[in-house]
Structure formats: structure tokens, C-alpha cells
Amino acid sequence: MKKFNISEIEDSIQSEIDLLNIVIKKPFNYINDDEIKNAISSQTNLAKYYNNEYGIISLSLNTHKLYINKYSNMTYIHFNKLRLKALSLISISSSNKKDKIKELEAENNNLKINNLTLNKIIYDLKSTISHLALSTDNKYIIDEINKKLKYFEKLLSSTNEIIYHEE
């Protein structure tokens, strides 16, 4: 096993603390980062986590606890609370995003169903009004019905335009 000098250990511990603080500040940047999620999922995984780019060295859990208590400005208990906070934010962010997507998809489906129902109602009204117009000789009623039929037709054409251009 490689012996690390104090500077490497201090840098590694500080890099872990910095990484946890970054995850806490911007959890959405890490919700799809399985490597980070796995690393912070347990005390042991974080102790074993190695990242050359960040200067984080892999240690045993007991050595990791000892070094954090000795070479950082916090106790291991505080460090672990930081890890748990980062983990919960990544987990909450990920599940909230998935829940929101499902909620919006369900709402979109309900709106489509409501739109189809309203279209059917308008078509039924058009049909009923047309039949009424055919059964009267009153010019005023026929003119008013024709205005309403044109209005309904305009509503339906703009609604259909939206529906077909959306898909």
C-alpha cells in the first residue's frame, strides 16, 4: 500500500469537502452522475472513492475517518452530515424531476381528453342548431343560427389547427 504524505492527505480531504459542497450547491448537475452518486452513497464508498482529477485518494474507512478528524476543519460526524445532505439533494432532485415529468404527462393527457370532449360537444351543438334552423322559416333565427355555426366552425378550425400543428 502506498504511503501518502500529509500534503496529499490534506488536499484529498479538502477536495472531498469541496466536492460535497459543490454537489449541495448544484445538485441538478449531478443527478445523472452515477459515479458521484455511488461514491457518496455510503461512508465506505466515499472513503474508497478515487479521483485523480480532483486529487482524491482512496483510503480505508477507518483511515478516512482518522484523517478527516485530524486534517480537516470538521469532525467526521460533520463530514458525514455533509455527505448525507449531498446524497439527499441528488436523490430528491432526481426523483422530483421524474415525478414532475410524470405529472406533466398525465396533465397533458387529461387536457387532450378534455379538448376532444369539448370538440364533440361543439359538433353536437352544430348539428342540433342546424336541425333547428331547417325547421323554421323565421329569417332572424336562421341568420342568428348561421352566425353561431360560423363561430363554432371558426373555433373548431383554430382548435384543430393547434392540435395538428402540436403533433
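**Figure 1. Charges of the protein chain in the predicted model.** The 23 positive and 21 negative charges of the protein chain have mean positions that lie 5 Å apart. The surface that the protein chain exposes comes to about 11800 Å², and 56% of this area is supplied by carbon and sulfur atoms.

**Figure 2. The helices and overall extent of the protein chain.** The protein chain holds 6 helices and 0 strands, and when it is read along the sequence its pattern is α-α-α-α-α-α. Because its radius of gyration is 32 Å, well over the 15 Å that the globule rule gives for 167 residues, the protein chain is more spread out than a compact globule. The C-alpha trace of the protein chain spans about 105 × 25 × 25 Å along its principal axes.

**Figure 3. Burial and contacts in the protein chain.** Of the 167 residues in the protein chain, 29% are buried. Among the contacts in the protein chain with a separation of 6 or more, 60% are made by residues 24 or more positions apart.

**Figure 4. Close-up of helix α4, which covers residues 61-71.** In this helix, His64, Tyr67 and Ile68 are buried. The buried residues of α4 fall within an arc of 100 degrees when seen down the helix axis, and they therefore line one face of the helix. An α-helix has 3.6 residues a turn, which means that residues three or four places apart point the same way. Asn62, Leu66 and Lys70, by contrast, are exposed on the other side of α4.

Key:
Residues numbered from 1 in each chain as written. Predicted model: local features only at pLDDT ≥ 70, side-chain atom pairs only at ≥ 80, totals over all residues. Heavy atoms only, no water. Helix = DSSP H or I, 4+ residues; strand = E, 2+ residues; numbered from the N terminus. Rg over C-alpha atoms; globule rule 2.2 N^0.38 Å. Buried < 20%, exposed > 50% of the residue type's maximum accessible area, 1.4 Å probe, protein only. Contact = heavy atoms within 4.5 Å. Areas by Shrake-Rupley, 256 points an atom, 1.4 Å probe, with all protein chains shown as cover. Lys, Arg positive; Asp, Glu negative; His and termini not counted. Charge placed at Lys NZ, Arg CZ, Asp CG, Glu CD. Arc of directions from axis to C-beta.
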